[in-house]
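Trainee: I would like a close look at a single part of this chain, and then an account of how that part sits in the rest. Please keep it plain and define the terms as you go.

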Amino acid sequence: MNLMDALKSRRSIRRYQSRPIPKDLAESLIDAAQTAPSAGNLSARRYVLVSNEDMRRLLTAAAYGQEHIEEAPLLIAVCADVKASSVRYGSRGGLYAIQDADAATMCLLLAAHDAGLGACWNGAFDDDMVREALHLEDDVLPVAIVSLGWPEESPARPERPRRVGEVNWID
C-alpha cells in the first residue's frame, strides 16, 4: 500500500471482531510508532498495551463509556513523558512530549491500517482516571488510547472540505 492510499483509506474503526491480536503484531505496531520524529531524538513517549478485560472496562469508564474501548481486543495507551523532555527543554518540554506522542500515535494508526487492523484514536478521557488505572507517574500524561482489533465494519469516507482554514505562502 502506498502512503497516499493509506492516508486516504484509513478510517476510525469502532467495531471489532473478538479474535486477539498476536503479540508479535502488537510489538510491530510499537516499532512503527517509534519511527515517528521526536524533539531532540528523546522519544519522550511511553506505551502501555492492554488486553486484560477488567482493565479495558476500567479504561472504558475513564473514556466516558465509549463502548468500543472495552470491546477492542487490544488497547495501546500512548503517553507523553513530560519529565524526560522537560529536562532538556524546560517549560516547552511538555509541549514537545505531547507532540512526540501525537506523531507516534499517527504512525501506529498507519501501521495498524497497513496490517489490516482497525483502529481508533481516542482522546476523550479523564486523564487522572487513566493515569491511576495504568499506574502512571504524575509527569507522564496519557495522550491517546488507541483501540485496535480486526475490523467488523468498513465505514465510508466522511465528507470533508478539501482544505479547512487559510493557507498562506510567504516567498
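Between which two elements is the loop in which A124 lies?

Mentor: A124 is in the loop between β3 (118-122) and α7 (127-133). Helices here are DSSP runs of H or I with at least four residues, strands are runs of E with at least two, and both are numbered from the N terminus. Before going further, note that this is a predicted model, in which local features need pLDDT of at least 70 and side-chain atom pairs count only at pLDDT 80 or more, while totals for chains, interfaces and linings use all residues. Residues are numbered from 1 along each chain as its sequence is written, and side-chain values use heavy atoms, with hydrogens and water left out.

A124 counts as partly exposed because its relative accessibility is 40%. The cut-offs are under 20% relative accessible area for buried, over 50% for exposed, and in between for partly exposed, with a 1.4 Å probe and protein chains only. Setting aside residues up to four places away in sequence, A124 touches A63, Y64 and Q66; contact means heavy atoms within 4.5 Å. Q66 is 58 residues from A124 along the chain, yet the two C-alpha atoms are separated by 9.0 Å.

One of these partners, Y64, deserves a look of its own. Y64 sits in the loop between α3 (53-62) and α4 (67-71). Its relative accessible area is 57%, so Y64 is exposed. Its phi is near 60°, a positive value in a residue other than glycine. Most residues other than glycine have a negative phi. S43 also has a positive phi without being glycine, in this case near 45°. S43 belongs to the loop between α2 (23-33) and β1 (45-50), and it is partly exposed because its relative accessible area is 24%.

Helix α3 also holds M55. Apart from its neighbours within four places in sequence, M55 is in contact with V50, A133 and L134. M55 and L134 are 79 residues apart in sequence, but 8.5 Å apart in space, C-alpha to C-alpha.

Now for the interior. In soluble globular proteins, nonpolar side chains tend to be buried together. A nonpolar core is a set of buried Ala, Val, Leu, Ile, Met, Phe, Trp, Tyr and Cys residues joined through side-chain atoms within 4.5 Å. The largest such core in this chain has 28 residues, and the members that touch the most others are I76, L108, V146 and L148. Two or more residues come from each of α2, β2 (74-81), α6 (93-114) and β4 (140-149). Helix α6 gives the most, with seven residues. A second, separate core has 19 residues, including I13, A72, L134 and I145. L134, then, appears both in this second core and among the contacts of M55.

Back in the largest core, L108 is in contact with L29, I30, A33, I76, V146 and L148, leaving aside its neighbours within four places in sequence. I30 is part of helix α2. I30 is buried because its relative accessible area is 12%. Its contacts, with neighbours within four places in sequence left out, are Y47, L49, I76 and L108. Not every separation in this chain is short: the C-alpha atoms of I30 and K83, 53 residues apart along the chain, are separated by 21 Å.

As for the whole chain, there are seven helices and four strands. From the N terminus on, the order is α-α-β-α-α-β-α-α-β-α-β. The radius of gyration is 17 Å, close to the 16 Å of the globule rule for 171 residues, so the chain is as compact as a globular protein of that length. That radius is taken over C-alpha atoms, and the rule is 2.2 Å times the number of residues to the power 0.38. The C-alpha atoms fill a box of roughly 45 × 45 × 30 Å along the principal axes. Buried residues make up 40% of the 171. Among contacts with a separation of 6 or more, 75% join residues 24 or more positions apart.
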